[in-house]
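User: I'm new to this structure and would like a close look at one part of it. Could you take me through one loop residue and its surroundings, and then show me how that corner fits with the rest of the chain?

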Amino acid sequence: MALADWQKGWREKQSERERLSVQLQKAVASLDPKFKRVNTTCYRKRFLHEGELVDIVLRNEKAEGVVSWTIKQEFAERFKGLQKLDAVSGAIFEHTPTEDEVVLNICELWKDLAFIAAANQFGERHPEKAKPLLHFRDGQGEVVLTSPLKATEIIALTGASSPFDDLCDSAGIPEEQRDDLFKRLVDDGHAPGELQYTSRESAQRIIENTIRRIHERVHAYKMAPSTPPCA
């Protein structure tokens, strides 16, 4: 079953993702249209890399092809952690897909008795191949879309808060009160200096500032006098 292969994953090999996406699209081509609709907000967790920031941030559109999103924001936030060594940041995208962007609504499939019966039969005949399908079911809130990534739809970025003592200095908190305050913050799950998601407002402010700085640098470059050729 093509869906089981898709959910097994491609270990970040793009050529394999493309092969599996073609296989999946062929398999769902004749499905009832009700399985190709998503009438709710979707989320995608994505680590951002320097080479793609022009498309995502400046052009506000990066096509990814066929990829998985989720209708569960909390799942997107947990997916693959908060940090990746070669990434600039992690980002959560929020998007309501148009009908032509939907390849498959896996959540709707698992509401269908005929599909559930077919999946169980597949599991009995091919238990190893069916493992991803029967393990994930609709627990991830997964939907398969062709929606592009847009900086204007980023609702959170990952980043570390300021060092604790810097925050205390800014707030005027005396040295003798800091140990107790730090302990209370840790107990509440808000330890300063740890990676965490920004708010929606902070994420968009970061993006706006980034765009502004890029335009300022481009403008400065264009206005700079050209260097005369060497004699």
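Analyst: Let's start with aspartate 112, which sits in the loop between helix H5 (106-109) and helix H6 (113-125). Keep in mind that this is a predicted model. A polar atom of the aspartate 112 side chain lies 2.9 Å from the backbone nitrogen of phenylalanine 115. Beyond its neighbours within four places in sequence, aspartate 112 is in contact with Lys34 and Phe35.

Phenylalanine 115 is a handy link to the interior. Phe115 is among the residues with the most contacts inside the largest nonpolar core, along with Leu3, Trp6, Leu24, Leu104, Leu133 and Val144. That core has 21 residues. Helix H1 (2-8), helix H2 (14-28), strand S4 (102-105), H5 and H6 each give two or more residues to this core, and the largest share, four residues, comes from H1. In general, nonpolar side chains in soluble globular proteins tend to be buried together.

Leucine 3 shows how the pieces meet. Not counting residues up to four places away in sequence, leucine 3 touches Leu24, Leu104, Ile106, Leu109, Phe115 and Leu133. There is also a second, separate core of 18 residues, and Val57, Val67, Ala151 and Ile207 are included in it.

Back beside our loop, H5 covers 106-109, and you may notice a cysteine at 107. How many disulfides are there in this model? The count is zero. Why is cysteine 42 not bonded to cysteine 107? The two sulfurs are 8.6 Å apart, and cysteine 107 holds the closest cysteine sulfur to that of cysteine 42, so the gap is too far for a bond. Both cysteines are buried: cysteine 42 has a relative accessible area of 0%, and cysteine 107 has one of 9%.

Cysteine 42 leads us on to histidine 95. This histidine lies in strand S3 (residues 89-95) and, at 8% relative accessibility, counts as buried. Setting aside neighbours within four places in sequence, histidine 95 is in contact with Thr40, Thr41, Cys42, Trp69, Glu101, Ser147 and Glu153. With glutamate 101 there is a polar contact between the two side chains, at 2.8 Å.

Glutamate 101 turns up again around threonine 146. Threonine 146 has its place in the loop between strand S5 (142-145) and strand S6 (154-160). Is threonine 146 buried or partly exposed? Its relative accessible area is 30%, so threonine 146 is partly exposed. Leaving out neighbours within four places in sequence, threonine 146 is in contact with Gly65, Val66, Asp100, Glu101 and Val103. Valine 67 makes a nice example of folding back: threonine 146 and valine 67 are 79 residues apart in sequence, but their C-alpha atoms are 6.3 Å apart in space.

That pairing suits the wider picture. Among the contacts in the chain with a separation of 6 or more, residues 24 or more positions apart account for 83%. The chain has 231 residues, and buried residues make up 36% of them. Its secondary structure comes to ten helices and seven strands.

Now for the open space. The largest pocket holds about 860 Å³. Its lining has 29 residues, and Trp10, Arg44, Lys45, Phe79 and Lys80 lie nearest the centre. H1 and H2, which we met in the core, each give two or more residues to this lining, as do strand S1 (42-48), strand S2 (67-70) and helix H4 (73-78). Which element gives the most to the lining of the largest pocket? That is S1, with five residues.

Two more loop residues are worth a glance for their backbone angles. Asparagine 60 is in the loop between helix H3 (53-58) and S2, and its phi is near 60°, a positive value in a residue other than glycine. At 21% relative accessibility, asparagine 60 counts as partly exposed. Arginine 137 lies in the loop between helix H7 (131-136) and S5. The phi of arginine 137 is positive too, near 45°, and arginine 137 is partly exposed, with a relative accessible area of 33%.

So the trail from aspartate 112 runs to Phe115 through that 2.9 Å approach to the backbone nitrogen, and Phe115 in turn belongs to the largest nonpolar core.

Terms used: Residues numbered from 1 in each chain as written. Predicted model: local features only at pLDDT ≥ 70, side-chain atom pairs only at ≥ 80, totals over all residues. Heavy atoms only, no water. Polar contact = N/O pair within 3.5 Å; in protein donor to acceptor, adjacent residues only side chain to side chain. Contact = heavy atoms within 4.5 Å. Disulfide = S-S within 2.5 Å. Buried < 20%, exposed > 50% of the residue type's maximum accessible area, 1.4 Å probe, protein only. Core = buried A, V, L, I, M, F, W, Y, C linked by side-chain atoms within 4.5 Å. 1 Å grid on protein atoms, 1.4 Å probe; cavity = no way out; pocket = protein on both sides within 12 Å on 5 of 7 lines; lining within 4 Å. Points joined across faces, edges and corners; volume = space filled by probe spheres on them.
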